[in-house]
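Colleague: I would like to go through a model feature by feature. Please give the general idea each time, then the case at hand.

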Amino acid sequence: MSDCIFCKIASGEIPSNKVYEDDKILSFYDLDPQAPVHVLIIPKKHIGSLDEATEEDKELLSYIMLKIKDIAKSLELENGYRVAINTGEDGGQTVHHLHFHLLGKRSMIWPPG
Ligand code: 5GP
Ligand code: ZN
């Protein structure tokens with residue numbers, strides 16, 4: 001999608017501090033970290049939000065979840081971590097390209113604000 005900031009990051013048009021990349025996904029450090037480790041994981045395919053994912057995305061979504069586990073391991077989050085998907089206005093989503101927040105290296109509180 002031409003005016004999507006995460007599509008531009010996925011294509012390399014906008015630079016990012018990469019953690020992991022393959023043909024399907026990209027992981028990079030968040031610009032405004034909310035924990036000592038805060039990375040984002042995005043599909044390279046533009047999906048506007050979790051709400052816009054379809055049956056067709058089933059394999060891609062499970063692929064991402066299992067990769068997040070590997071990325072957490074590579075970032076040495078052996079003490080635990082949180083994965084968050086903000087969705088829609090009430091969910092606090094600000095970038096309309098599906099992304100998974102991976103936060104770690106601090107104790108998280110529940111419920112989140
Ligand atoms: P959301 O609020 O949509 O769940 O999360 C969007 C996240 O993207 C925010 O945590 C924000 O800091 C991050 N972000 C927005 N623009 C950029 C950018 O250009 N580069 C990087 N690395 N992160 C960004
Ligand atoms: Zn996009």
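**Reading the ligand site and the backbone**

Modeller: An oxygen atom of ligand 1 lies 2.5 Å from an N or O atom in the side chain of D30. Bear in mind that this is a predicted model.

Colleague: How should I read that distance, and which side-chain atom of N86 lies 2.8 Å from an oxygen atom of ligand 1?

Modeller: A polar contact is a pair of N or O atoms within 3.5 Å, so the 2.5 Å pair at D30 counts as one. For N86, a polar side-chain atom is 2.8 Å from a ligand 1 oxygen. At T94 the atom belongs to the backbone: an N or O there is 2.7 Å from an oxygen atom of ligand 1. Taken alone, ligand 1 exposes 520 Å², and the protein buries 82% of that.

Colleague: Where does ligand 1 sit, and which residues come nearest?

Modeller: Ligand 1 occupies the largest pocket. There are 16 residues around ligand 1, and the nearest are Y29, D30, N86, T94 and H101.

Colleague: How is the shell around ligand 1 made up by class, and which element gives the most to it?

Modeller: The shell has eight nonpolar, six polar and two charged residues. Helix α1 gives the most, with three residues. Both α1 (5-11) and β2 (25-29) supply at least two residues each.

Colleague: Next, aromatic rings. How many aromatic pairs does the structure hold, and is the pair of F6 and F28 stacked or edge-to-face?

Modeller: Planes under 30 degrees apart count as stacked and over 60 as edge-to-face. The structure holds one aromatic pair. F6 and F28 form that pair, with 5.6 Å centre to centre and 80° between the planes, which makes it edge-to-face. The pair links distant parts of the chain, since F6 is in helix α1 and F28 in strand β2, 22 residues apart.

Colleague: Last, the backbone. What is the general expectation for phi and for peptide bonds?

Modeller: Most residues other than glycine have a negative phi, and most peptide bonds are trans. Here E76, which is not a glycine, has a positive phi of about 60°. E76 is in the loop between α2 (58-74) and β4 (81-84). K105, also a residue other than glycine, has a positive phi near 70°, and K105 is placed in the segment after β5.

Colleague: And is the peptide bond from W110 to P111 cis or trans?

Modeller: The bond from W110 to P111 is cis, with omega near 0°. P111 lies in the segment after β5 (100-104).

Conventions: Residues numbered from 1 in each chain as written. Chains lettered and ligands numbered in written order. Heavy atoms only, no water. Near = heavy atom within 4 Å. Polar contact = N/O pair within 3.5 Å; in protein donor to acceptor, adjacent residues only side chain to side chain. Areas by Shrake-Rupley, 256 points an atom, 1.4 Å probe, with all protein chains shown as cover. 1 Å grid on protein atoms, 1.4 Å probe; cavity = no way out; pocket = protein on both sides within 12 Å on 5 of 7 lines; lining within 4 Å. Sits in = over half its atoms within 2 Å of the grid points. Helix = DSSP H or I, 4+ residues; strand = E, 2+ residues; numbered from the N terminus. Nonpolar A, V, L, I, M, F, W, Y, C, P; charged D, E, K, R; others polar. Phe/Tyr/Trp six-rings, centres within 6.5 Å; stacked < 30°, edge-to-face > 60°.
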